[in-house]
Each structure stands twice: as C-alpha cells, then as structure tokens.
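Visitor: Could you take me through a close look at one part of this model, the place where two domains of one chain meet, and then work outwards from there to the elements around it? I would like a connected account rather than a list.

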Amino acid sequence: MNGPVPPPRIAVAGVSKSYAGIPALDGVDFQVPAGVVHGILGENGAGKSTLMKILYGLVRPESGYVRVDGVDLPGGSPAAAARAGIGMVHQHFALVDDLTVVDNCILGAGRGLGLVDRAAWAARIRQFAGRLQWTIDPQARIADLGVGQRQRVEIVKALLAGGGQTRVLILDEPTAVLTPQEVDELIPALEALAAGGTTVLFISHKLHEVERLCPTVTILRRGRVVYDGPRPERDAMTRLMVGEVPPVLGLHATASPGESRLEVRNLEGGGLHDLSFTVRAGEVVAVAGVDGNGQEPLIRAILRDARAVTTPGLAPEDRLGGIRRLGLIPDDRQHEALVLPLSLRDNLVLKEHRRFPFATSWGWLRLGRWRAHAVDLLTRYGVRGGGPDTPAQDLSGGNQQKVVIARELHRNPGLIIAVNPTRGLDLAASADVLRALAAARDAGAAVLLIHHDLEELLAVADRVLVLFGGRIREAPSRERSAIAGLMLGSPTP
Amino acid sequence: MSAGILVDALLTGAVAAATPLLVAGLGELAAERAGVLNIGIEGLMLAGCFAAFAVTAATGNPWLGLGAAVLAAMALGGVFAVVSLTCRADQIVAGMAVNLLAVGGTGAAWRILQDRGLTDLPAGSGFTRGWTGIPALGELPVVGPLLFDQYGMTAFALVLAGVLALVRRRTRLGLVLHGVGQDPHALAASGVRVLGVRWGAVLFAAACAGLAGAYLSTMRTHAFVPLMTGGTGFVVLALVMFGRWSVGGLVVGCLLFGLAESAQQGLQSLPGARVVPHQLFQALPYLVALIALALAGRSAPGPAALGRPWPER
C-alpha cells in the first residue's frame, strides 16, 4: 500500500538560460504532479516562451535539468522530448496550410522518411479526437479549416506524437486566437485529458481562463519564479505577474459627448447590410465582434470615403488621394502602420514628412527637424528599447505600438480609428494603449475602437456596438454575457 | 510509307531531346519543392557536360565520365548551397554566380584539354543507343524507337520520375520536402532540420544536372564545345514551372518541348527550308515554351517559401 512516493510528472530544477548575456530564465524551479492542468503565467518577456522551448527540447538550458517521471530529459532535441512523452502545441500553429490533416499529423508525429499508411493514420486521428469528443475530418485541407479546428488538429497531432502515451501536453497561449465559444469547447477537452492522467501545462496571460482551468499555477516575472502553488485571487495574480499596475477598468468618459465626427448611414456592400452609427466627439464607440464578421469592409469603407460615410468637422486638407487622414491605429502594425526596416525617426514623421516644418516647399527634407520631433515623441510617449536611429523592427511589440500611437495621436486628431490595438501585447502594454485612447477621448477626440477582446473593450468603451454577419446593433447593456451572445448572433438582445 | 518513318523519327528525336530536360528537371523539382530556386542549374549541367567528356576522353571509360559529371556538379552545387543556404545569400544571385563560374571554369579547362590533344573521345568510348543490348527490341513498333532505341539515360529518367512521384505522394520524405518549401516554420517547430533537408535537395538536384550534362557530351553527341548546354538549364527552370511542380506535369512539359525541338530539326531538313535562316527554326521550341508558360503560368502558385532564405532573420 504505502509504496515509495512517485516522482513528480514533470520537475524543473535550477533552469537558467540567457540570450546575449541577458538572462531569460534565472534558476527556475517547479514541479507538477500527474493528471492536473497547471497554469504558467507571465507577461510577454517573462520567460514563458524560453521555458516552453526548453521543455520541448528546442533550446538547451545553460544549467539545471528537466525530469519527466524522474528521468532526465535530454536537452536540444524535440524528437527526444516527444519520446519522453512531451507534446507541444505552439502558439503559432505548426501546420502546413496546403496539406491535409492526415499529412500534417504524419509530418508532425511520424518518424522516418519511408512509406506512409494514410488510412491507418486517419483511423488513429479519428480515435484520438473521439476521446476528446471532437470530430475531425482527416482528409480536410488545413487551409479550409477555421482557427478552432486547426487547434484541435494541433492537439491531436501532439497526442499522436506521444503514441497515446503523452505524459505532458504543453499549450502555449492556446486561447489567444479563439472565440469565446471555442474557448468554452476547449476547456472540457483539456479537463478530460487531465482526468486520463496527462499533465497539461497551460501557458497564458488571460487570467479569467486560468481561473476556470488551473487549480495550481507557476508565475514567472523577469525570468524568475515569483509564485508557485495554489491559484491565488485574480488581483494577487495580476500583481505577481506585472508588479503594481494601475487598473484600466473604468476608463469611461464622465462628460457628455459633443458634435458628430463620423456618420455612417445605411452602408451596404462587401458583406455589410444597412450599417448605421455615429461617433461623436468625446466618446469611445467600441465595435465588438468575432473577426471576419464585417470588420474589414467597414474599415475600408470609412477610410476609402464610401458615400454612406461622412466626417463632419474633418478639414478638407485631411484627405489624401481619396483616403482620410485621421488618427489610425491599424490591425497589422508591422505592415500597415510601420515600415519595419526604417528608423523610428522616419517612422514617426511618416504622413507629415512632406509638410512644413519637416520639408521646405520645394521638397528639401529637413532631417534635423525629424530627429528633434522623434526625440520629443519618444520621450513623451515613453517608448523604450531604441532611439531615433533604431530600426522599428528592433522594438518589442508593445513599444512598436507606442510609436504608432505617438505618430497618430500627437496632433490631436478629431477622429481616431483603432483596430485591435492591443493584439499581441502583454497586460502592461495593453493598459498603456487603452489609457492613451481614453486620454485622447478626454481631450475631445471621437474614437472608434474595433476590438476583438471583450474585457479590454468594456474597460474603455462609452458605447458598445456589436458586429455580426455584416449587421451592427447597439448592445443594450454593458453585461459581458449579453454582448458575447450578440457576438455569436443570438437573436434576442 | 514515309509518313510512318517520319513520325517514328519525330518521336525518337522528341524523346532523345526530352531526356536531359527530364533528368535535370526532376532534380530541380525536388530542390524547388524544398524551397530552393537554383537557377545555377545551367552551370551545373555545363560542369557535368565537361567533366563527363574530359574524364571519358582521358580514360576511355564513359562510366568514369558519368561519375565525374555527378561529382563535379555536386561540388559546384555544394558551393551554391554554402553561399545561398548556409550564408543565406540571395538564391538568384548565387545561382547566376554558379552559371558564370561554370562558363569560365569549363572554358579554361577546355583550353587545357586542347593543349593535351584530348579534343575527341577515343573511338568507341562514348555511350551508344539501344541500352538493352538487344537490337530486336528497338525494332518493336512505337515503343521500340520511343524507349529502346535510346540511350540508357532515357530509361533511367523514366524510373527516376516514377520513384520521385512515389516519394512525393507516398512517403514522409515527400511530405517533409513539401513542408520545407511551403512553411519552414511549421517544420522547424516539429523538429525538422530545414537547412539539412534543403542541402540534401540541392545536392540531389546538382547530381541530376550533372547526369543531364553528361548525356549531352557522352551520349547524344560524343563531343564537347564551350557553352554546349546553350540555355537548356533555363528551359528546365521554365518546364518545372510549366508542370506546376508536379512530376507528371514536368514529364508532359519535357515531351512537348522535346517534340518542338525534334520538329524544328525535321523542318530544317525539308527541301526549300534553306531560304529561311536556320536560327529561326532553332528559336521555335523556345517560342513554344514561352507560349506554353504564358498559358499555364497564370494560376500556378508554387511552393510558398520558394527562394526565401532560412532562417528568415
């Protein structure tokens, strides 16, 4: 009866790793028993990704060890990690788009280079998916699958790699790309896996999901374990993750909105149906919705001067080649907002570089002014990690977004459009972005915020609209579940 | 009576012209599937062409020549791989450099051969047609001229095409090749060594190009002249694209081009063709290739990571 105590399912001891002399992980210790869902929390840059790479054998630690059921994990080889029973689901899916599900599973979970038996693999895929109450079509092409389905393929692939013996399944930010409903469906599957004896490591910075799923957590900050044990309350978790951060909740306006700055009347086309709404000075109007429900055509219509869109109060010189010049924070900052190889000086002056005082009337660029302008904005908006001559690509995502915000907001535009402005940013950087939008609103700007994250959206929105299937409707209340229902097309508001 | 003979001659010529294109094309197909655009294939063929001739001329053994062609092309292909894969230089520029290197290198080495009087193969040392050694097979209708009255390289090319098609569709190696050219990030995350796969594909392509070059100087002709490949390598690049990176498409493309080549040779020998400059006839297959490429190229996407270095930053 009282046999020896089994070793922990996974034990991490004294693991350190540094890049170019900067420690990414510094003496990380924790242990997780078999059959639990354990959360690993931390901000971007806290060392989560490095830890994951070490656990999966992509990176060799400089010191310390990882043991699975008491056996040392040889570093530096994903194949060895897979043999030791570790399955990994990457944040950016490791699936080849133009291949089928079964071919991807053979690629990711198979060994050797010889002949493949697709029928046998397809049967195993169905069997593994069935255990999690999922249906997966092994013959479907990845390109034809939605994000949620792709993630299921990734999880099944990871389980297949372990040949049914997967002891540890690592999920790196698994819910970052999922809709609330897909998250709801993922969670019981992970619980079923844990009940079957697999240990699930759930890497995330979304606290409400960690609260639903993980009884125990390890919290990393700046490469060190700052907490390891039963899950603390949310406020305590936040403090442990980011240190002291002023809350972003309750950034709604107190003053009443002023004159109308953006009017959309009966906008049609591009999958949109009879869209009407108004954004007035001094308010943040947020458009909630799952990506792909009409956000793209709506943004295009506003920028491209569609006839149904009017912008009272926007000066005529604020138009350029049929495109409105307004404070625009686009979805894809790396391609649509910044020119990555260019310096911050150049990026910050874009849109104004041919105007006084940055150029003379005969086209001479006054680079000294550009530099002074950049130095001024970088200080005022607290951009860290580079000076005027640093290429934009060398900054972290959060600082890149600060550069975009500095350029777009420093001239106090009357109308601001922000699309998913916190995508990919950690809590502290997200809070900075939301606060900047609220500050612009308080200074009198009209803000249209099209955002996928409901929690953040509610923190700053004065009014909430919901976009579903190309139609828009105003949310009757700020209640989360009601808005989430509208986002999924529930008929009753 | 003469119609049948004419058709036979046309088809025989087509297969003979298609063979080196197919051998080199299969190698290039593998490399491009793995994401490497090797426009140095022309130079690799030229290197193989020269090495096969030189070693056969010196030793009198064409098999040694064939081996030398493979080694020479792989050595030059290795240079391309070091520059474009390991050092991550632009693949087009590196490929162009390989072409120029091959032109200069074979040109200089040809001078040395001339000085030593090795400008002809010893009598009877080149390969001959009828690879089975059974002349009766060559007399068979249709398949005789198409398959058996050819050099052994033709049979090898067809076998290689079959093997490659099988590898592409039925093996994990085929999936790995495809994945490395389509989404190297995904493969690297699964623990596949992307650069290793690409190196292998480039060396395979080089070996194939070397064989195709040897075909030109020790089979189809028993001679070498500088710049002998005359742009064949670039035709191969176009044919791989024309075939939309599939083995079957490549085979069809090679046969079509071979047919055009064979037809222009036939046209040149027609009575009365003298009044037209022969260069116009020689340009005909390339014109056909251009038209075919224009018609076929519209919707061919190709491997997504083709020509991109790895790792990307």
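Guide: In this predicted model, 12 residues of domain 2 of chain A are in contact with seven residues of domain 3 of chain A. The side that domain 2 presents to domain 3 draws most on helix α14 of chain A (residues 427-442), which gives five residues, and by character the residues of that side divide into eight nonpolar, one polar and three charged. According to the domain assignment of chain A, domain 2 is made of two segments, 245-326 and 413-493, while domain 3 covers 345-410 and domain 1 covers 10-242.

From this contact one can move to the sheet of chain A, an open one of six strands in the order β17-β18-β19-β13-β20-β21, with mixed pairing. Its edges are taken by β17 (327-329) and β21 (471-474) of chain A, and because each has a single partner strand, one side of each is left without a neighbour in the sheet. From one strand to the next, the twist averages 15°. Within the sheet, β13 (residues 284-288) and β19 (residues 446-450) of chain A pair in the parallel sense over four bridges, and the bridge partner that A286(A) finds in β19(A) is L449(A).

Two helices of chain A can be placed against these strands. Helix α13 (residues 397-409) of chain A lies across β17 and β18 (415-419) of chain A, and its direction makes an angle of about 165° with β17(A). Helix α16 (residues 480-487) of chain A lies across β13, β20 (463-468) and β21 of chain A, where it runs at about 30° to β20(A).

Elsewhere in chain A, helix α3 (residues 101-109) deserves a separate look, since nine of its nine residues are buried and it is therefore largely enclosed by the rest of the structure. The buried residues include V101(A), D103(A), N104(A), C105(A) and G108(A). The packing around them brings in both chains: the buried residues of α3(A) pack against α4 (118-131) and α5 (147-161) of chain A, together with α8 of chain B.

That helix of chain B leads to the contact between the chains, in which 14 residues of chain B are in contact with 19 residues of chain A. On the side of chain B that touches chain A, α8 (172-182) and α9 (184-189) of chain B each supply at least two residues, and the largest share, seven residues, comes from α8(B). The residues of this side of chain B divide into five nonpolar, six polar and three charged.

Chain B itself has a secondary structure of 13 helices and zero strands. Its radius of gyration is 20 Å, close to the 20 Å that the globule rule gives for 313 residues, so chain B is as compact as a globular protein of that length. Taken along the principal axes, the C-alpha atoms of chain B fill a box of roughly 65 × 45 × 40 Å, and 46% of its 313 residues count as buried. Among the contacts in chain B between residues at least 6 apart in sequence, 78% join residues at least 24 apart.

Terms used:
Residues numbered from 1 in each chain as written. Chains lettered and ligands numbered in written order. Predicted model: local features only at pLDDT ≥ 70, side-chain atom pairs only at ≥ 80, totals over all residues. Pairing = 2+ DSSP bridges. Axes fitted to C-alpha atoms, helices over the stretch in contact; angles between N-to-C directions. Nonpolar A, V, L, I, M, F, W, Y, C, P; charged D, E, K, R; others polar. Domains from an automatic or database assignment. Buried ≥ 20, exposed ≤ 12 C-beta atoms within 10 Å, placed from the backbone. Rg over C-alpha atoms; globule rule 2.2 N^0.38 Å.
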